[in-house]
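Reader: I am new to this structure. Please take me through the sheet of the first chain, and then show me what lies around it.

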Amino acid sequence: MTAVLPERPVGGRLIDQFEYGLDAPICLTWELTYACNLACVHCLSSSGRRDPRELSTAEAEHVIDELQRMQVFYVNVGGGEPTVRPDFWHLLDYAIGHDVGVKFSTNGVKLDKTRAAQLARTDYVDVQISLDGATAEVNDRVRGEGSFATATRALANLAEAGMKDFKVSVVVTRENAGQLDEFKALTDSYGAQLRITRLRPSGRGADVWDQLHPTQAQQRDLYQWLLANGEHVLTGDSFFHLSAFGEALPGLNLCGAGRVVCLIDPVGDVYACPFAIHENFLAGNVRDEGGFQRVWQSSELFADLRSPQTGGACTKCAHFDACRGGCMAAKFFTGLPLDGPDPECVQGYGETALAARDASLTAPRSHLDHSHTGPVRGQPTLLGMPAIPPAKICDESPLAGLDLR
Amino acid sequence: MATDVVFDAALPWQRARSVALRPEPFGALVYHFGNRKLSFLKSKQLVSVVQTLADHPSALAAIEAGGVPEAQRPAYVKALADLARSQMIEPRESA
C-alpha cells in the first residue's frame, strides 16, 4: 500500500526537512474532552457531550509520560472545554512536573479569581481565552449568549492575578474580520497577547463555513494587517495560504499535518491535525500497542503524508513555493482534491475549484459528532435557533403571558 | 525579547542549563524551558559542536575540534551567535 518513500535530503532549508516529518511532533494538540458548556456554531470538533470512552486519568498520565520520553516539550490542550474535566488541574500539574508544558484553550468558564491566582503562580503554563468578537454582539452570535461576559471576566481575573503572557485567541470570520484593531486594543487593555487563527470547515465549522469564512477582500486586508502587526500577534502559522499574495508571512509556511503537527482526541485517537477529525486522517490510538510513539513514528498514514507534493494543479502555480497548496483540512471538508488549490486560495483558484465541484457529490463529513442534542443555555443566535426558554415565564418579564386585552 | 549577549567565539560557552536538545534526522530541535523559544540545529555536526561547547576553552576550539572545514567555520560562528542571542547557549565562567 505504502509507496516507496522519497529519501530525505541532507541539508537545505528547514521547511524541506519538515516535509519529511520529525521524530516527534513540534506542535501537538490534545483535546481532553468532547464535553463543553458552549455550543459554538463553528466548533472544529463538534463538541458538546462527553464521550464515555474518553481517556481515564491514569491513561492520560501515561500519555504524558510518553510525551516526556519523546521530548515533546509542550502540548496545546483543548476540547471541548478542557477545564470541565474534573481531573484537569491534576493533569496540568502532572504534565508540568514531567517537562511537558501546557498551553490550554478555554472559554474561561472555570477561571475564577482563585484559579487565576493558581495559574499566575504556575510556571510553564499558557492560557488562551477564546473570543470571536471584539464586542459581545459579534462574539455571542457565534459562541453563545453570555460567552463574551464569561471570557472577559476570565481575562480580568487573570490580569488582576498578575498572570503573564496570557492570550486572547480569535478565529477570524467574516463578521469579526473588521475588528482586528479592536481585538488588539481589547487584548492590550488586559496586558494580554492577541492570537488570531483561520476558520476551517471542520466539525460544525463545515455547516457555517460558507456564511462565515472571510471574503477575498477581507483576506487581503488581513494579509496587510498581518504584515503591519504580525510581529506582535500570534497566528499559529495558520494563515500561510495568504503568503501567495506576495511576501511570506513569518512562521512555518507549510501544512504540518502528520509532519510536525497532530491531534490526540479525547478517546485517544490520533489524527493528522486538529482540523482533520475524519477516518481518512486517523493514524491510530494511544491505547494501541506501542502507544503514541508508535502511531507517530510508524503509522502508514503519517508515512504517506511525509513526502513533498509532486503532482496536482498547484505544483504548476507560480506561487506554489509560497503557500504549498494551502490547508489540507480546508480542501478536504469543502470537497476539493487534496493536490488542488485551497478553497480560500488568494489567487482565486479556490473559488473556481469550488464552482467546478460535482454538484451530485457531497463534501465528506466527520464520523463523529458530540454536539448537544437539545438547546443549551446561551445558544448562539447566528443560525436563528430559538434561545432556551426561561424556566419560569416571569423570568423574562413580569407581564409575560398576561393577556391584557 | 532582545538581550544584550554579545557572542565572542574566542570565549568559553556552554549549552544553557534550561535548554534541551531533541535529536532529529536533520540535526536537532532546541527548546528553552525558560523563555519557551524553539530553535533548530540544521546539521548533526552543529549538534555535536553545541553539545561539546562546555568541553572546550572557546567556541572556536569546539568548532575546530568538531572537524568543521575551514570554509564553513564562519557559518558555524554565525549559527552559534544566533543561539547566543536567543539564550540557547550561555557564556561559561571558567575555561
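Author: Here is the sheet, followed by its setting.

This is a predicted model, in which local features need pLDDT of at least 70, side-chain atom pairs count only at pLDDT 80 or more, and totals for chains, interfaces and linings use all residues. Residues are numbered from 1 along each chain as its sequence is written, while chains are lettered from A and ligands numbered from 1 in the order in which they are written.

Chain A holds 15 helices and 10 strands. Helices (H or I, at least four residues) and strands (E, at least two) are DSSP runs, numbered from the N terminus. An open sheet of 10 strands runs β7-β6-β5-β4-β3-β2-β1-β8-β9-β10 in chain A, and its pairing is mixed. Two strands pair if DSSP finds at least two bridges between them. At the edges sit β7 (233-234) and β10 (282-285) of chain A, each pairing on one side only.

Now look inside the sheet. Strand β1 (residues 27-31) of chain A pairs with strand β8 (residues 261-264) of chain A. The sense is parallel, over 4 bridges. One bridge partner is given by name: A:Cys27 has A:Val261 in β8(A).

Two loops of chain A deserve a stop. A:Gly80 is in the loop between β2 (74-78) and α3 (88-97) of chain A. A cis peptide bond joins A:Gly79 to A:Gly80, with omega about 20 degrees. A:Tyr124 is in the loop between α4 (113-121) and β4 (125-130) of chain A. Its phi is near 75 degrees, a positive value in a residue other than glycine. A:Tyr124 counts as partly exposed because it has 18 C-beta neighbours inside 10 Å. The cut-offs use C-beta atoms placed from the backbone: buried means 20 or more others within 10 Å, exposed means 12 or fewer, and partly exposed is in between.

Step back to the whole chain. Buried residues make up 47% of the 405 residues in chain A. The C-alpha trace of chain A spans about 80 × 50 × 40 Å along its principal axes.

Chain B comes next. 13 residues of chain B are in contact with 11 residues of chain A. Contact means C-beta atoms, placed from the backbone, within 7 Å. On the chain B side, β2 (19-24), β3 (27-32) and β4 (38-41) of chain B each give two or more residues. β2(B) gives the most, with 4 residues.

Last, B:Arg36 lies in the loop between β3 and β4 of chain B. Phi of B:Arg36 is near 60 degrees, positive in a residue other than glycine.

Technical notes. Two residues are in contact if their C-beta atoms, placed from the backbone, lie within 7 Å.
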